[in-house]
Amino acid sequence: MYLAKVIGRVVATTKDMSLSGSKLLIITRLNERLEPQDRTEIAVDTVGAGNGETVIVTSGSASRLAGTLQKSVVDASIVGIVDTVETDGGVRDVRHP
Amino acid sequence: MYLAKVIGRVVATTKDMSLSGSKLLIITRLNERLEPQDRTEIAVDTVGAGNGETVIVTSGSASRLAGTLQKSVVDASIVGIVDTVETDGGVRDVRHP
Amino acid sequence: MYLAKVIGRVVATTKDMSLSGSKLLIITRLNERLEPQDRTEIAVDTVGAGNGETVIVTSGSASRLAGTLQKSVVDASIVGIVDTVETDGGVRDVRHP
Amino acid sequence: MYLAKVIGRVVATTKDMSLSGSKLLIITRLNERLEPQDRTEIAVDTVGAGNGETVIVTSGSASRLAGTLQKSVVDASIVGIVDTVETDGGVRDVRHP
Amino acid sequence: MYLAKVIGRVVATTKDMSLSGSKLLIITRLNERLEPQDRTEIAVDTVGAGNGETVIVTSGSASRLAGTLQKSVVDASIVGIVDTVETDGGVRDVRHP
């Protein structure tokens, strides 16, 4: 999995049926210092993540074990909203900064 | 999944039978500002995407859950045509600019 | 999938039994302008590709859906020999230049 | 698999149920000289790894074969704590330096 | 699959049970000119590869189709020891230089 920040949303009326009802969020990958890593993806939200939140993203077949995505054409899903990130630099409260 | 732009097509008469009838589109990966990321792939279209359109691409085993690709040797498929991309920069209508 | 050029061959007498009889071709990844991307892999040929040919490569579990590779330890296989590559730059006949 | 160092921890109260009870550790990828490779991920610990330890990380569907993670939305798990790393440069005892 | 060179070994007494008895070799990825690509991984040996040898590595679920690794937490395994590498530059005997 990796840390990411929700930075937007994609709307597509023409899409695979299995994506209907899924929130397609644009995320940018973060390192442990929560700095963007210039890598953006689209992930389906399964935990109610909103714009600007720091999240946990899982990829590949794991992404379809989340929520009701088992038959969906998903290869990345948001599976957690981060409260704190703890490293040698200390504990950062990212959910309620 | 990731954002991409359809930039061309590949024709191959000698190919795995499971690719027969599939449109093999050349796509270039985009970031959230819809800028190309110097990474091109071949993806099978499953939603009627055309040249120049901004699309959603899924990879790996997920790509074979789309359309009729279950038994196909596909590892990337186009599963959506993007209408709008919404980020802090505003809403961009990419389908009807 | 991605575009690649066959640039050589690997011979290994000591190998997993499931690779016996498979042609292990060295391929270099190409972009849409057919320029090498400094990324080489080994892929099993399933369509009779020869040295110098432009091919379509599939990766991961998809590669074992090709030919008779279902039980093979393969993670990349050549599943097409490209005739033409069509982009905004025009149509390039790569098979019979 | 790859070598990594545990450099922190993520706490997320809002997360996929299958992650409940899992320690979400932040890891940074190392090369054979144990130098960080500027690539951080989140992996679930399955062997009792602690902060600062050098570990073995496995990715993709393999990560769910570890411990009790079979149904978890995990795509990376820590499956070993490294004692020594042996290369041409000699044997480095990383667990008890 | 990719070409790699065995450059060392990892020992871990605390590890997932499924890794017991497996040789955890450190490999560095090579291009077609057998030049290291600054990418090291850990792979399980299934063909008796030794330090310094040029090998074929397979990744992902394919790696568990090798030897007796079906239930192992492996995501990369060595499935061949290279005898020769043949490119436009000629045939290089890597096993008995």
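Reader: How do you know whether chain B and chain E touch or do not touch?

Author: In this predicted model, the nearest C-alpha atoms of chain B and chain E are 11 Å apart. A contact requires heavy atoms within 4.5 Å, and chain B and chain E do not touch. Chain C and chain D do not touch either, with 11 Å between their nearest C-alpha atoms.

Reader: What makes chain A and chain B copies related by a rotation, and by which axis are they related?

Author: In general, two copies of a chain are related by a rotation about an axis and a shift along it. Here a rotation of 72° with 0.0 Å of shift along its axis lays chain A on chain B, at an RMSD of 0.0 Å. The two copies are therefore related as by a five-fold rotation axis. Chain A can also be superposed on chain D by a turn of 72° and a shift of 0.0 Å along the axis, with an RMSD of 0.0 Å.

Reader: How do you know which surfaces, shared or different, chain A and chain D use where the copies meet?

Author: The test is how many interface residues recur. Only 3% of the interface residues of chain A are also interface residues in chain D, so the copies meet through different surfaces. For chain A and chain B, 3% of the contact residues of chain A recur in chain B, and these copies likewise use different surfaces.

Reader: Why is B:Thr58 called buried or exposed?

Author: B:Thr58 has a relative accessible area of 0%. The limit for a buried residue is under 20%, so B:Thr58 is buried. This residue belongs to strand E5 (residues 54-59) of chain B.

Reader: What makes the pair of B:Thr58 and A:Asp75 a polar contact?

Author: Their side chains are joined at 3.5 Å, and the cut-off for a pair of N or O atoms is within 3.5 Å. The pair therefore meets the distance limit, and B:Thr58 and A:Asp75 form a polar contact between chains B and A. Apart from neighbours within four places in sequence, the residues in contact with B:Thr58 include A:Val73 and A:Val74, as well as B:Met1 and B:Ser63.

Reader: Why is D:Thr13 called buried or exposed, and where does D:Thr13 lie?

Author: With a relative accessible area of 63%, set against the limit of over 50%, D:Thr13 counts as exposed. D:Thr13 sits in the loop between strand E1 (2-11) and strand E2 (14-15) of chain D.

Reader: How do you know which residues D:Thr13 contacts beyond its neighbours in sequence?

Author: Once neighbours within four places in sequence are set aside, D:Thr13 is in contact with A:Ile81, A:Asp83 and A:Arg95. Its side chain makes a polar contact of 2.6 Å with the side chain of A:Asp83, a distance within the 3.5 Å limit.

Reader: Why is E:Val82 called buried or exposed, and what does E:Val82 touch?

Author: The relative accessibility of E:Val82 is 1%; under 20% means buried, so E:Val82 is buried. E:Val82 lies in the loop between strand E6 (76-81) and E7 of chain E. Not counting residues up to four places away in sequence, E:Val82 touches, among others, C:Val10, C:Val11 and C:Ala12 of chain C, and E:Leu3, E:Val55 and E:Ile56 of chain E. E:Val82 and E:Glu53, 29 residues apart in sequence, have C-alpha atoms 7.8 Å apart.

Reader: Why is E:Gly89 called buried or exposed?

Author: E:Gly89 has 76% relative accessibility; the limit is over 50%, so E:Gly89 counts as exposed. This glycine is in the loop between strand E7 (84-87) and strand E8 (90-93) of chain E.

Reader: What makes the phi of A:Asp38 notable?

Author: Most residues other than glycine have a negative phi. A:Asp38, in strand E4 of chain A, has a positive phi of about 60° although it is not a glycine. E:Asp38, in strand E4 (residues 36-45) of chain E, also has a positive phi, near 60°. Both are exposed: A:Asp38 has a relative accessible area of 60%, and E:Asp38 has 58% relative accessibility.

Reader: What makes up the lining of the second largest pocket, by class?

Author: The lining has one nonpolar, seven polar and nine charged residues. The pocket has a volume of about 330 Å³ and is lined by 17 residues, of which B:Arg29, B:Gln37, B:Asp38, B:Arg39 and B:Thr40 lie nearest its centre. Two or more lining residues come from each of strand E4 (36-45) of chain A, strands E3 (24-30) and E4 (36-45) of chain B, and strand E4 (36-45) of chain C. E4(B) gives the most, with four residues.

Conventions
Residues numbered from 1 in each chain as written. Chains lettered and ligands numbered in written order. Predicted model: local features only at pLDDT ≥ 70, side-chain atom pairs only at ≥ 80, totals over all residues. Heavy atoms only, no water. 1 Å grid on protein atoms, 1.4 Å probe; cavity = no way out; pocket = protein on both sides within 12 Å on 5 of 7 lines; lining within 4 Å. Points joined across faces, edges and corners; volume = space filled by probe spheres on them. Nonpolar A, V, L, I, M, F, W, Y, C, P; charged D, E, K, R; others polar. Least-squares fit on C-alpha atoms with pLDDT ≥ 70 in both. Buried < 20%, exposed > 50% of the residue type's maximum accessible area, 1.4 Å probe, protein only. Polar contact = N/O pair within 3.5 Å; in protein donor to acceptor, adjacent residues only side chain to side chain.
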